[in-house]
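Here is a short set of exercises on helix packing. Try each task with the model open, then read the worked solution.

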Amino acid sequence: VTGVKAGALPIWWFEAPGSGGFPGPAPMDFHPMGSPPGPGYAAAPPVSSSFLDGIKSQMTEHAMHYVAQEAVTQAKQKATGLGRYLSIDWLTAMAQPYFTVDGPTVVKRMKMALMPQPQGFAQQQPDLYGPLMLCFTMALLITTCIKSHGVKLASEGTAVGTSLGVVFGYWWGSAAALLVGTYATDTQLSFSSVLCTLGYSMFPGMVVLSTAHFLQSSRLFWLLFFTAGACSAVAVARTFKEATP
């Protein structure tokens, strides 16, 4: 340190090379705000407008890149969640227990459906495989009867579509109506149990319908058909009665 300048802050600089001190840069003059600079003061060069414009453009570019990257990240997260929702894996996992049933069990349940007795299996271990196959078989029988008797459909459409609409409309429509009844009567039956009960209850009518070609008398056919329907109705009613506390 060589000295202090009057009227300003101390002047600090390093000794020049060869003077015994540590070599360093040229002297710098630090002065307080508003006081005139000393002789060793060097004014900073003016900043050009092009330099400021370049900094502004770079900051704008980085900000836009950050916003775009965040938008892409959020879009990917939303697309991943939507893809998981639209995936059929959760639907397969939910429906798998109702279709894991062997053939002998389905045959046994169809035999039980021929008798006007409560279907306890529908409440304990309901399945939808047997009722679904019965619905397709019933639709096939109805289509065969329509074509063999030369029935002309009043509305446009094929006989297969009409048969499927009638069978599945009855199955799901009746199940929805009975489900409302279960809430009103506090019946301990789930929607899958209701579907299982109504699905197997169609088996007696399907048996009678399959013998329609071999019955010469229409009266005998309708007698058997209504008898089978009555047995199914009694079985469904007793199943609901046992599930109602």
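The exercises below start with the whole chain, move to one residue, and end with two helix pairs.

**Exercise 1. The overall make-up**

Task: Work out which elements the predicted model contains and what share of the protein's residues count as buried.

Solution:
- Step 1. Count the elements: the protein has nine helices and zero strands.
- Step 2. Read them in order from the N terminus, and the pattern is α-α-α-α-α-α-α-α-α.
- Step 3. Turn to burial: 24% of the 245 residues count as buried.
- Step 4. Look at the contacts between residues at least 6 apart in sequence: 63% of them join residues at least 24 apart.

**Exercise 2. The setting of Thr239**

Task: Find the helix that holds Thr239, decide whether Thr239 is buried or exposed, and list what it touches.

Solution:
- Step 1. Locate the residue: Thr239 belongs to helix α9, which covers residues 218-243.
- Step 2. Check its accessibility. The relative value for Thr239 is 3%, and the cut-off for buried is under 20%, so Thr239 counts as buried.
- Step 3. Set aside residues up to four places away in sequence; Thr239 then touches Pro118, Gln119 and Thr197.
- Step 4. Look at the side chain: a polar atom of Thr239 lies 2.8 Å from the backbone oxygen of Ala235.
- Step 5. Take one C-alpha distance as well: Thr239 and Ser193 are 46 residues apart along the chain, and their C-alpha atoms are separated by 10.0 Å.

**Exercise 3. The partner Gln119**

Task: Say where Gln119 is found and which residues it contacts beyond its sequence neighbours.

Solution:
- Step 1. Place Gln119 in the loop between α3 (103-113) and α4 (120-124).
- Step 2. Judge its exposure: with a relative accessible area of 1%, Gln119 is buried.
- Step 3. Leave out neighbours within four places in sequence, and the contacts of Gln119 are Ala113, Cys196, Thr197, Tyr200, Ser201, Ala235 and Thr239.

**Exercise 4. How α7 meets α9**

Task: Describe the packing of helix α7 (residues 191-201) against α9.

Solution:
- Step 1. Recall that two packed helices are described by the angle between their axes and the distance between the axes.
- Step 2. Apply this here: the axes of α7 and α9 come within 9 Å and cross at roughly 160°.
- Step 3. Classify the angle. Angles over 145 degrees count as roughly antiparallel, so α7 is roughly antiparallel to α9.
- Step 4. Add the handedness: α7 passes α9 in a right-handed crossing.
- Step 5. Name the residues in contact. From α7 they are Val194, Thr197, Leu198 and Ser201, and from α9 they are Ser232, Val236, Thr239 and Phe240.
- Step 6. Sort them by class: four are nonpolar, four are polar and none is charged.

**Exercise 5. How α6 meets α7**

Task: Describe the packing of helix α6 (residues 159-185) against α7, and find how many residues of α7 are buried.

Solution:
- Step 1. Take the geometry: α6 and α7 pack at an angle of about 130°, with their axes 9 Å apart.
- Step 2. Classify it: this angle makes α6 oblique to α7.
- Step 3. Note that the crossing of α6 and α7 is right-handed.
- Step 4. List the α7 side of the contact: Phe191, Val194, Leu195, Leu198, Gly199 and Ser201. Among the α6 residues they meet are Tyr170, Trp171, Trp172 and Leu178.
- Step 5. Sort the contact residues by class: 11 nonpolar, four polar and no charged.
- Step 6. Finish with burial: 10 of the 11 residues of α7 are buried, and the helix is mostly covered. The buried residues include Cys196, Thr197 and Tyr200.

Note on methods
Residues numbered from 1 in each chain as written. Predicted model: local features only at pLDDT ≥ 70, side-chain atom pairs only at ≥ 80, totals over all residues. Heavy atoms only, no water. Helix = DSSP H or I, 4+ residues; strand = E, 2+ residues; numbered from the N terminus. Buried < 20%, exposed > 50% of the residue type's maximum accessible area, 1.4 Å probe, protein only. Contact = heavy atoms within 4.5 Å. Polar contact = N/O pair within 3.5 Å; in protein donor to acceptor, adjacent residues only side chain to side chain. Axes fitted to C-alpha atoms, helices over the stretch in contact; angles between N-to-C directions. Parallel < 35°, antiparallel > 145°, perpendicular 65-115°, else oblique. Left-handed = near helix turned anticlockwise from the far one by under 90°. Nonpolar A, V, L, I, M, F, W, Y, C, P; charged D, E, K, R; others polar.
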